[in-house]
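Here is a short tour of a protein model, with a lysine as the starting point. Have the viewer open as you read.

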Amino acid sequence: MDSKHAGESIGTVAIVGRPNVGKSALFNRLVGRNIAIVHDQPGITRDRLAALSSKGRRPFTVWDTGGIGGAGETELTTQVRGAADAAMRESDVILFIVDAQAGLNPIDQDLAKLLRKSKRPVVLVVNKIDHEKHEDLDADFARLGFDNSIPISAAHGRGISDLLETVDALLPQSGIESPKASSAKVAAAAGSEIENAPTSLAIVGRPNAGKSSLINSILRDARTIVSELPGTTRDAVDILYERSGEKFLLIDTAGMRQRSKHSTSVEVFSVMRAERTIRRADLCVLVIDLTSGVTSQDKKIAGLIQESEKPCLIVLNKWDLVKPARGGQKAIERAIADVRERLFFLEYAPVLVASALTGENVDELFRLIRTVRRAAQVRIGTGVLNRMLHAALEENPPPMIGTRRLKLFYAAQTHGDDVDTLAAKFVLFVNQPKLLSDSYGRYLERRIRGISPFPGLPVLLSCRARSESEKRASARPR
């Protein structure tokens with residue numbers, strides 16, 4: 001782990017093993033939340049997942065690698081093994097996990113030979129010792145010849161404390177303590193942690209749109225597995241990334257397909273996870289394949305972003321495949337116009353035409369991210385806002401709903417007590433909140449953006465009821 005992340009982790013731990021031995025279950029157990037999908041189908045985890053573990057005395061970063069060996073998809077086997085090799089090279093400690101109930105496997109033996117050459121401390125983790133009657137099953141693995149061997153049950157939590165103690169002893173020495181080791185220190189540092197928290201970017205889109213390729217281009221490192229097979233990334237892969245002193249958490253989500261086309265329950269779980277990823281992200285990057293244009297599934301994913309009220313950028317990827325020999329700028333303008341027309345409800349989202357494969361315009365993505373973050377700091381003066389809104393109501397009065405019409409008494413932009421949400425929020429004090437129709441709300445949003453465009457940000461209007469008498473009382477001098 002390099003020095004710039006020293007405040008977050010004292011080292012890295014890679015979990016390796018053949019498919020279906022419980023790597024993802026152990027990963028989830030160590031980080032304390034379900035990031036990796038746990039399923040009994042071999043080869044589910046094909047990318048490397050990274051997260052911080054604070055379960056032990058000192059925090060460390062955990063890598064969950066793809067299953068090594070016969071995952072049932074020979075096209076990916078070499079890539080998966082390459083990802084695992086890279087994780088082993090970059091880690092301080094290797095957790096070699098085996099399945100006690102399945103017994104010693106030839107792939108286990110081959111992997112043991114590989115790990116003994118890694119020059120890293122290796123802990124043999126004998127998993128699926130779920131009951132006392134299973135405790136004798138770990139004896140069969142002694143022939144692998146590792147000094148450190150810990151029997152555990154990742155599913156039930158047995159032996160995890162012993163494993164954490166062993167890992168702690170093998171990690172580089174440092175004065176860093178786990179957050180739970182000193183509640184006083186955590187309380188004192190809470191403010192700085194919020195200030196230094198990375199901006200989480202959810203990279204979302206249809207399968208094979210180029211999400212993983214985009215992250216690879218950003219990192220200039222083949223950390224995620226890129227394949228022409230749609231749906232390669234089934235989990236949400238969290239990758240810490242620092243650029244010009246700014247920290248980002250890149251979340252490579254599983255490609256989202258229409259649920260009716262799912263061939264396995266794993267893909268259903270992945271769509272659900274992608275939807276949750278959108279909700280937990282600070283900003284969403286919607287990747288669209290230029291070679292196929294905006295599809296109905298792109299519209300559905302864009303709708304999820306809109307419903308979650310999240311900031312958004314749109315990347316039209318694979319420009320290298322459609323770029324004309326002449327008239328490139330006009331082709332870009334046509335592509336942007338087309339996406340604007342088809343995704344009209346995300347009209348606030350900046351659009352970038354890029355090629356993840358060649359890297360063209362990828363750096364421009366972070367300029368747009370800075371633009372969105374600056375827009376989140378913009379405040380419209382209360383006087384300016386109210387004069388504009390009252391003028392808007394005079395020019396285009398609200399529609400009658402029943403026998404009543406919306407009346408606006410006062411409006412203000414909120415300063416946002418929710419630090420996790422980047423959005424332009426406005427409170428309207430009105431006679432009756434239900435009288436603000438969706439279409440009229442969109443009209444007021446357009447007028448607000450006429451003062452400040454708030455690029456990339458949703459404009460959120462909330463209404464609060466206020467009677468005529470309350471308005472007159474608040475207007476009296478005190």
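## A lysine and its surroundings

The side chain of Lys310 comes to 2.8 Å from the backbone oxygen of Arg279. This is a predicted model, in which local features need pLDDT of at least 70 and side-chain atom pairs count only at pLDDT 80 or more, while totals for chains, interfaces and linings use all residues. Residues are numbered from 1 along each chain as its sequence is written, and side-chain values use heavy atoms, leaving out hydrogens and water.

Lys310 sits in the loop between helix 8 (296-307) and strand 11 (312-317); helices (H or I, at least four residues) and strands (E, at least two) are DSSP runs, numbered from the N terminus. What is the nearest side chain of opposite charge to Lys310? It is Asp282, 5.9 Å away, and Lys310 is buried yet has no salt bridge. Buried means under 20% relative accessible area (1.4 Å probe, protein chains only), and a salt bridge is a side-chain nitrogen of Lys or Arg within 4 Å of a carboxyl oxygen of Asp or Glu.

Now for the nonpolar cores, sets of buried Ala, Val, Leu, Ile, Met, Phe, Trp, Tyr and Cys residues joined through side-chain atoms within 4.5 Å.

| Core | Size | Residues, among them |
|---|---|---|
| Largest nonpolar core | 50 residues | Leu250, Leu365, Leu389, Leu444 and Ile448 |
| Another core, apart from it | 26 residues | Ala281, Cys284, Leu346 and Val353 |

Helix 11 (residues 364-375) gives the largest core its largest share, six residues.

At the other end of our tour, helix 1 (residues 23-31) has eight of its nine residues buried. Gly32, with a positive phi near 80°, follows helix 1.

Note on methods:
Lys and Arg count as positive and Asp and Glu as negative; His and the chain ends are not counted. A polar contact is a pair of N or O atoms within 3.5 Å; within protein, one must be able to donate a hydrogen and the other to accept it, and residues adjacent in sequence count only if both atoms are side-chain atoms.
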